[in-house]
Each structure stands twice: as structure tokens, then as C-alpha cells.
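Work through the following exercises with the coordinates open, and try each task before reading its solution.

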Amino acid sequence: MTTKPEERHEQLELCIPYVFGRLNPGNRKQFEAHLTSGCEKCIHELSGLYEATALLPLLLRQETPPSGLRQRILSRASSKKPEPQRVERPSAQRESPVTPATRPEFPWYRYAATAVGILMILALAYFVYELAGTTTRQQKQIADLEARLLQNDDVLAAFGAHQFEDVPLTGVEPGSGFSGRFFWDPSNRNGVLQIGGLPVAAEGKCYQLWMMKQNKYFAVMQFDVDSGQAVFVRMLSVPVGEKGEIEAFAVTLEPKEGSTQPSGAILLRGAR
Amino acid sequence: MQRNVLAQRQQIDREDADLLKRIQRSDQRALGSLYDRYVGVLYPFTLRVTGSNEAAEGVLHDVLLHVWEKSSSYAPQNGSVYAWLVALSRMKAVEKMRAANQKRKQESEGGAQRSASAADTKQPAAETIVALKGYAEEVRNSLKSLSKLELRLLELSYYEGQSQSDLARMLRIPLGTIKAKMRRGIQKLRLSSAEEAK
Ligand SMILES: [Zn+2]
């Protein structure tokens, strides 16, 4: 914001060549420094140009994306944890917000599911069986769930863990029919939350998993429930430190944007 | 731009912002949804810039993982999620191209025929994306005001990184005309983008 008006105007001329990648490295660096200084005029101009040029791809001819790309991306994402959300100064450098591209690592977990992991999958499948009861419709559901379970990279990833812990969650209200389990590996903080019996959340609401330490609640994650099915939610990083810190897990119904403390009644609870 | 187009675009932007919030909470389904929404545009785009299926796939892979890992680097003040995705894709594609295709570029002097101009294509990329379909149609209509030359210049410059003097040489058009046409083309694009309609 310390930029002189005349310089600002001059730099404005660089916005188009910048967006089109036509600045030489020296000019580009200089221009980016100018943007970082916070020149609102240039940032606004750039924003308009990015919006405008983003229309061009809408005119391109349709191409079939490579089969399996989606799955490869999601598999890779499940082995990579997003950076914690942080409040960031708006970055003007729209062309350079990117760290160097990394090649995908080998998806180790597909091959590294240990004997323990396989046992866990079976245990979970059995639990699903228990949960779902025995009507024909439910039996089909169980078969579907088992198939999904065994194919699910997320579950495999979590169960490829060397150690794991199983925390059963039960409905707080007697006869609610809510049930769940939280399988997790405290060593790598990966886990899978399995929930059954919860109804689809009302409009504008979602479920939220909490952990309890010293009688305080800490938000773990939000999740949705599909109609009438047990759900499995992969957790990439359970926000805990040492293993001994957590005493219990709980589930509540919260506004869609999530809460920092439970505002709804505890629906499910499970102590370690 | 008509009001309904603006409303459509605002709806798209809101939905994208919601997806990004869910991605920040490690919701992989949201990442899948973002992929489904934009693969129909971003894949042809990265393919157009890189000219290779393999490179285009790699770029898209890197872009989506960047979104997954660094979604907090998106600054709403700087524009829509869609524009961010396109800018990221372009940047990563250009990086890849620079690394891999330096010599190929010299070989194909004047070889801007990597793929047909979008101006006369019949099956636009966004056609498959339900969320964007109506909006994309409106955009295409509004971009009919671009002359063939304006669009061609924008494409060569945006997708292939041709400089204005390269374009002047290649197309045997005076540099001044190239500059004027490009400027006019960009102006028309801006008029068509929802940002400018606000
Ligand atoms: Zn400036």
C-alpha cells in the first residue's frame, strides 16, 4: 500500500501479460512483489482478468477424461492430509500460490494391509451384520456394505495400520437404535467412524463427532448420513496428541457449518 | 450479462465455496464432487495446453491434490473457485510444458495446429456438467461477439503462450493490429464474465 499512484498505473499495464504468462522472469518477479505489497488496483484488475480468461475453457471441445483418474486422485488424497485451515492474507499471486508439483507416491496401503488389518475388516463386517439384523432387505444391504467395505481404499488405508483401537459408540437415548464404532490407529491418527441408525440430518444440519479430554469437548469432524444405511467416514487426522489424552467420543447434531462446542444433545457416546 | 446468468453463476460460486469448506474439513466426497463438477472443463483445458493425455492427466491430478492439501491458499477476495482452478491448472500445465516440451516447440515452428480452434467445435466441454450447463451455454452465446480472429488470438496466447510478436509473425498481421484485437477480445471476455456484470 506504499506504492505511489504513478507506479500503480504503470503496473496495471502488466496485468494482462502476467495472466497470459508473457512477462519475463525479472518483470514477473517485480510485478509479484508489487502484488504482495497489496496494490488493490492491480489485485482487482487481476481478479477480473482471471474470471474473464476462465471463460475460454468453456468453449473447448469435449474430451473424455482418463478412466480411473478420479479414483487415483481420491486414493492419493486419502493418504495425504490437508493442511489445517488457517486465516491467510489474501494472496495476490494467483499464478504462484503453488508449491512444486509432487509425483504421486506408491499407494502403499493397497498392498500393506496386515493380518491385523484383515481381521479388522472381518470384525467390522461382522459388526455390520449384527447391526443390520436379518430381514432380506437388510441382508442385501449387508452384502453391499461388505463389498463396499472391502473395496474401500479408505477403510483399507486405516486398517493397514499396525495397531488400532476399537471404541464402540452406543445411543444415549435407550431404544434409539443408534450405534457406531470408531476404529482408529493412535500411532498415525487415522481412523474410520462407522455409524448406523442415525436418520438423515434435517436441512441445514449435519452430524458432528467430538472427542472428550478432561471433560472438555473438541470437534473432530462433521459428517452426513445417507438414508437408512450404515455409513463409514474416513478420518485422516484425529486431532489428538498422546494416546492417553482421549477419554471418550460423542456424536451430536449441529448446524451445517459445524460448532466449536456441542449445541445439540449427545446422540451417541463411547468411552475408551 | 443477463440477470439469470449472473444468478446462475452466483449459485455455482456458492456451491463451490461450500465444497471448498468441506474439503478444508477433510471431506473427500467434496473433493470428488469438485472433480465431477469441473473435470469436463479442466481436462480438455489441460489437454489443450499440454497437448498430451498423460501430461493433462498429471496436471489435473496435481491440481486436485493441491486443492486438497492447500485449499486455504484460495483467497475469495481474488475471485471465484472456478477461476482459481483454471488459473492453477494453467500454471501447472505451463510448468509441465516448459519442463518437457522446450525442444518440441522449436521443431514445430508455426505449429499452432495442435488442435482445432474452439470457435467451430460443436460439443463444448461444459456440456456434460449439469451444474455448469446453463451457465456455460449463456457464456458461449455471449462470446459469439468475439470475432474468429479475436478468439484465435486469445486461444493461441492463453493456451499456447504465444507472444504478440510471435503471433504477428506467424499470422502475418501487423503487431499493432494483434495488440488491438487482443485487447478488444479481452474486453469482450470481461464483459461476458459475471464479475464484470456486478
Ligand atoms: Zn498495482
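The model is predicted. In it, the place of B:Arg190 is helix 9 (residues 175-192) of chain B.

**Exercise 1. Decide whether B:Arg190 is buried or exposed, and find which side chain of chain A it touches through a polar contact.**

Solution. Start with the accessibility: B:Arg190 has a relative accessible area of 13%, and because the cut-off for buried is under 20%, B:Arg190 counts as buried. Next, turn to the side chains, where a polar contact of 3.0 Å joins B:Arg190 to A:Glu45.

**Exercise 2. Identify the residues that coordinate the zinc ion, and work out the spacing that its donors follow along the chain.**

Solution. First list the donor atoms: NE2 of A:His34, SG of A:Cys39 and SG of A:Cys42 coordinate the zinc ion, at 2.0 to 2.3 Å. Then read these donors along the chain, which gives the spacing H-x4-C-x2-C. As a third step, consider the surroundings of the donor residues: A:His34 and A:Cys39 are both buried, and A:Cys42 is buried as well, since its relative accessible area is 0%. Finally, a search for disulfides over all chains returns zero.

**Exercise 3. Determine which strands of chain A pair with strand 4, and how many bridges join each pair.**

Solution. Take strand 5 (residues 216-223) as the initial partner: seven bridges join strand 5 to strand 4 (residues 205-213), and the two run antiparallel. Within this pairing, A:Gln208 stands opposite A:Gln222, while A:Tyr207 stands opposite A:Phe223. The connection between strand 4 and strand 5 is a hairpin with two residues between the strands, and A:Gln214 in the turn has a positive phi of about 45°.

Now take strand 7 of chain A, which is joined to strand 4 by eight bridges, again in an antiparallel arrangement. Here the bridge partner of A:Met212 is A:Ala248. To complete the picture, examine how far strand 4 is covered: eight of its nine residues are buried, so that the strand is mostly covered.

**Exercise 4. Locate A:Phe249 among the strands of chain A, and establish why it counts as buried.**

Solution. A:Phe249 is found in strand 7 (residues 248-255) of chain A. A:Phe249 counts as buried because its relative accessibility is 0%. Then compare sequence and space: A:Phe249 and A:Pro168 are 81 residues apart along the chain, whereas their C-alpha atoms are separated by 9.2 Å.

**Exercise 5. Count the cavities of 30 Å³ or more, and name the residues that line the largest one.**

Solution. Rolling a probe the size of a water molecule over the atoms shows where empty space is left. The structure holds four cavities of 30 Å³ or more, and about 110 Å³ of space lies in the largest. From chain A, the lining of the largest cavity includes A:Cys206, A:Gln222, A:Phe223, A:Asp224 and A:Lys256, and from chain B it includes B:Arg22, B:Arg25 and B:Asp27. Two of these names link back to the pairing in Exercise 3, where A:Gln222 stands opposite A:Gln208 and A:Phe223 stands opposite A:Tyr207. As a last check on the lining, A:Cys206 is buried, because its relative accessible area is 3%.

Note on methods
Residues numbered from 1 in each chain as written. Chains lettered and ligands numbered in written order. Predicted model: local features only at pLDDT ≥ 70, side-chain atom pairs only at ≥ 80, totals over all residues. Heavy atoms only, no water. Donors = N, O, S within 2.8 Å, 3.2 Å for Na, K, Ca; no water. Buried < 20%, exposed > 50% of the residue type's maximum accessible area, 1.4 Å probe, protein only. Helix = DSSP H or I, 4+ residues; strand = E, 2+ residues; numbered from the N terminus. Disulfide = S-S within 2.5 Å. Pairing = 2+ DSSP bridges. Polar contact = N/O pair within 3.5 Å; in protein donor to acceptor, adjacent residues only side chain to side chain. 1 Å grid on protein atoms, 1.4 Å probe; cavity = no way out; pocket = protein on both sides within 12 Å on 5 of 7 lines; lining within 4 Å. Points joined across faces, edges and corners; volume = space filled by probe spheres on them.
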